[in-house]
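Me: I am new to this one and would like to understand why its parts get the labels they do. Could you walk me through it?

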Amino acid sequence: MTSAFRGIVRQLCPRCREGAIFRASLWRGYLAMHEKCPVCGLKYDREPGYFIGAMYVSYLVSILPTLAIVLVLWRWTGWPFDTVMLGAFVCYLPLVPAVTRWARVIWIYVDQHFDPEPTR
């Protein structure tokens with residue numbers, strides 16, 4: 001069986017670690033998720049508002065890269081702080097789709113760890 005870390009990296013089901021969570025790659029289907037795992041049947045979106053927790057994960061994942069961008073821009077450009085913040089925002093925008101997907105995967109793994117859905 002694949003480790004949890006490898007399952008997260010490969011974006012696989014947290015229960016069986018074989019079925020894909022997303023239907024397509026990031027570039028062809030930004031958030032096109034399977035409703036259930038194609039292998040074991042684990043339901044990914046368990047209730048309305050389920051992925052609100054993924055927003056918190058996304059925030060945590062975004063802090064370090066954004067801080068690094070801010071510090072690099074501030075150090076190298078000499079721009080005023082408000083301009084640096086705007087520049088960091090623009091630089092970080094292309095990463096948002098990938099971070100959103102990873103946040104969903106991490107959230108599904110955390111939720112499955114603490115509140116596993118029973119096997120059918």
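Reply: Gladly! One term to begin with: helices here are DSSP runs of H or I with at least four residues, numbered from the N terminus. With that in hand, Gln-112 can be placed in helix α4. Please keep in mind that this is a predicted model.

Me: Why is Gln-112 called buried or exposed, whichever it is?

Reply: The cut-off for buried is under 20% relative accessible area. Gln-112 has 11%, so it is buried.

Me: What is Gln-112 in contact with, leaving aside its neighbours within four places in sequence?

Reply: Contact means heavy atoms within 4.5 Å. By that test the partners of Gln-112 are Pro-14, Arg-15, Leu-42, Arg-46 and Glu-117.

Me: Arg-46 is on that list. What makes the pair of Asp-111 and Arg-46 a salt bridge?

Reply: The rule asks for a side-chain nitrogen of Lys or Arg within 4 Å of a carboxyl oxygen of Asp or Glu. Between Asp-111 and Arg-46 the N to O distance is 2.8 Å, so the pair passes the 4 Å limit. This pair links distant parts of the chain, since Asp-111 belongs to helix α4 and Arg-46 to the loop between α1 and α2, 65 residues apart.

Me: How many salt bridges are there by this rule?

Reply: The count comes to 2. Besides the pair with Asp-111, Arg-46 forms a salt bridge with Asp-115, where the closest N and O atoms are 3.2 Å apart. Here Arg-46 sits in the loop between α1 and α2 and Asp-115 in the segment after α4, so parts 69 residues apart in sequence are tied together. Because these salt bridges share partners, Arg-46, Asp-111 and Asp-115 are joined into one network.

Me: How do you know which members of that network are buried and which are partly exposed?

Reply: Partly exposed is the range between buried, under 20%, and exposed, over 50%. Asp-111 has 15% relative accessibility, so it counts as buried. Arg-46, at 23%, is therefore partly exposed. Asp-115 has 42%, so it is partly exposed as well.

Me: Now to the surface. What makes Tyr-59 exposed?

Reply: Exposed means over 50%. Tyr-59 reaches 56% relative accessibility, so it counts as exposed. Tyr-59 is found in helix α2.

Me: Which residues join Tyr-59 in the nonpolar surface patch, and how do they qualify?

Reply: A patch is made of residues with over 30% relative accessible area and no salt bridge, with nonpolar side chains joined within 5 Å. Along with Tyr-59, the patch takes in Leu-60, Ile-63, Leu-64, Leu-67, Leu-71, Trp-74, Phe-81 and Met-85, and has an area of about 960 Å². Two or more of its residues come from each of α2 (52-77) and α3 (81-92). The most are given by α2, with 7 residues.

Me: How do you know that the length of α3 is close to what is expected?

Reply: The expected span is 1.5 Å times one less than the number of residues. For the 12 residues of α3 this gives 16 Å, and the span from its first C-alpha to its last is 16 Å.

Me: Which residues of α3 are buried, and why are they said to be on the same side?

Reply: The buried ones are Val-84, Gly-87, Ala-88 and Tyr-92. They cover an arc of only 130 degrees around the axis, so they lie on the same side of α3. In general, an α-helix has 3.6 residues a turn, so residues three or four places apart point the same way. The buried residues of α3 pack against α2 and α4 (96-114). On the face turned away from the buried side are the exposed residues Asp-82, Leu-86 and Phe-89.

Me: Last, the loop between α1 and α2. What makes Arg-28 and Glu-35 exposed?

Reply: Both are set against the 50% mark. Arg-28 lies in this loop and is exposed because its relative accessible area is 70%. Glu-35 is found in the loop too, and with 56% it is therefore exposed. Not counting residues up to four places away in sequence, Glu-35 touches Arg-23, Leu-42, Lys-43, Tyr-44 and Asp-45. The C-alpha atoms of Glu-35 and Thr-77 are separated by 46 Å.

Definitions and conventions: Residues numbered from 1 in each chain as written. Predicted model: local features only at pLDDT ≥ 70, side-chain atom pairs only at ≥ 80, totals over all residues. Heavy atoms only, no water. Patch = residues over 30% accessible without salt bridge, like charges linked within 9 Å, V, L, I, M, F, W, Y side chains within 5 Å. Areas by Shrake-Rupley, 256 points an atom, 1.4 Å probe, with all protein chains shown as cover. Buried < 20%, exposed > 50% of the residue type's maximum accessible area, 1.4 Å probe, protein only. Arc of directions from axis to C-beta.
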